Amino acid sequence: MPDTFLSGRTALVTGSTSGIGLAIATALAAAGARVAINGLGDEAQVDAARRQVHDAGGGDVRHFDADLRDPDAIAAMMDKVANWSAPDILVNNAGIQHAVPIAEMPVGKWDDILAINLSAAFHTMRAALPAMAAKGYGRVVNVASVHGLVASANKAPYVASKFGIVGLSKVAALEYASAGSRDSGGVTVNCICPGWVETPLIEPQIEARRDGGTREDGVRSLLGEKQPSLRMSLPEDIAAMAVWLCRREAHNITGASFPIDGGWTAQ
Ligand SMILES: NC(=O)c1ccc[n+]([C@@H]2O[C@H](COP(=O)([O-])OP(=O)(O)OC[C@H]3O[C@@H](n4cnc5c(N)ncnc54)[C@H](O)[C@@H]3O)[C@@H](O)[C@H]2O)c1
């Protein structure tokens, strides 16, 4: 029997038309949650994501459109989601990457990466946290990165955005630490910090490392540099942690950042 401990709860997962966000939305639905998905994609991709999350179980699934670069679009999305069903669980997952040295970084890329990877989480948390506090239960799970804990060259806006979301999460955790009770589950705000996860986001970086060889050569070169396990995580591995953080017994885990990085940040 699946453990549907989230039945009656509503989750909003940003960037859930692909990769880690889709896996988290699917796992939350399998645990019984009603899920609001968000993310870019053509109609077929959005439909496929909605169907996958729906088929995982749970209740209703809806896609809420918003380009997360636009604060007004985020505010409109948060109003629509609240009118549908106020989120008990907010997963800020949407993110983009552009890996070049600072001097070559287009200014527009800096602006977009900071807007999607960091500012969007401020806008969604600002809208969702008060209702969570009023209910005495709420979970914010921010998908940061090992790059919220350590830096790598050629990723200035990405690293800045991920360090930023780690800091933002700690502030929100402190502000809401005393909301709710041990029985209601409280309101917690945490980050998950993955190393390499097998999703479309990292394909350009694998491609850049192939050096005329196979995709596997590219993967080996990428992981050999920093991830001692030499294994990529699956999106489902990250999702399992996100779901666990939603449990009542995780009520005292807040303001934390959890590496899932095969030893990357242990070095
Ligand atoms: N894949 C990895 O190795 C890895 C490692 C560490 C952290 N992360 C983080 O995990 C998160 C998810 O990444 P992924 O690997 O699943 O990537 P992905 O490219 O598969 O998915 C990104 C999602 O964000 C959405 N998105 C992008 N721009 C958007 C916008 N302007 N408005 C709304 N949605 C937008 C996309 O539509 C998609 O649903 C990101 O925050 C990323 O930084 C990924």
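Visitor: Which residues are buried in helix α8 (residues 235-245)?

Guide: Welcome! Keep in mind that this is a predicted model. Buried means under 20% relative accessible area. In α8, that description fits Pro235, Ile238, Ala239, Ala242, Val243 and Leu245.

Visitor: Where do the buried residues fall, seen down the axis of α8?

Guide: They lie within an arc of 155 degrees, so they line one face of the helix. Among the elements covering these buried residues are α1 (19-30), β5 (137-143), β6 (186-194) and β7 (257-260).

Visitor: What is arginine 248 in contact with, leaving aside its neighbours within four places in sequence?

Guide: Look for Arg139, Arg182, Asp183 and Gly185. You will find arginine 248 itself in the loop between α8 and β7. With a relative accessible area of 39%, arginine 248 is partly exposed.

Visitor: Now for a pair of helices. At roughly how many degrees do the axes of α4 and α5 cross?

Guide: Angles under 35 degrees count as roughly parallel. Here the axes of α4 (residues 107-135) and α5 (residues 156-175) cross at roughly 15 degrees and come within 7 Å. The two helices are therefore roughly parallel to each other.

Visitor: Is their crossing left-handed or right-handed?

Guide: The crossing of α4 and α5 is right-handed. Residues making the contact include Trp110, Phe122 and Leu129 of α4, together with Tyr158, Lys162 and Leu168 of α5.

Visitor: How do the residues of that contact divide into nonpolar, polar and charged?

Guide: For the contact of α4 with α5, there are 15 nonpolar residues, three polar and one charged.

Key: Residues numbered from 1 in each chain as written. Predicted model: local features only at pLDDT ≥ 70, side-chain atom pairs only at ≥ 80, totals over all residues. Heavy atoms only, no water. Axes fitted to C-alpha atoms, helices over the stretch in contact; angles between N-to-C directions. Helix = DSSP H or I, 4+ residues; strand = E, 2+ residues; numbered from the N terminus. Parallel < 35°, antiparallel > 145°, perpendicular 65-115°, else oblique. Left-handed = near helix turned anticlockwise from the far one by under 90°. Contact = heavy atoms within 4.5 Å. Nonpolar A, V, L, I, M, F, W, Y, C, P; charged D, E, K, R; others polar. Buried < 20%, exposed > 50% of the residue type's maximum accessible area, 1.4 Å probe, protein only. Arc of directions from axis to C-beta.
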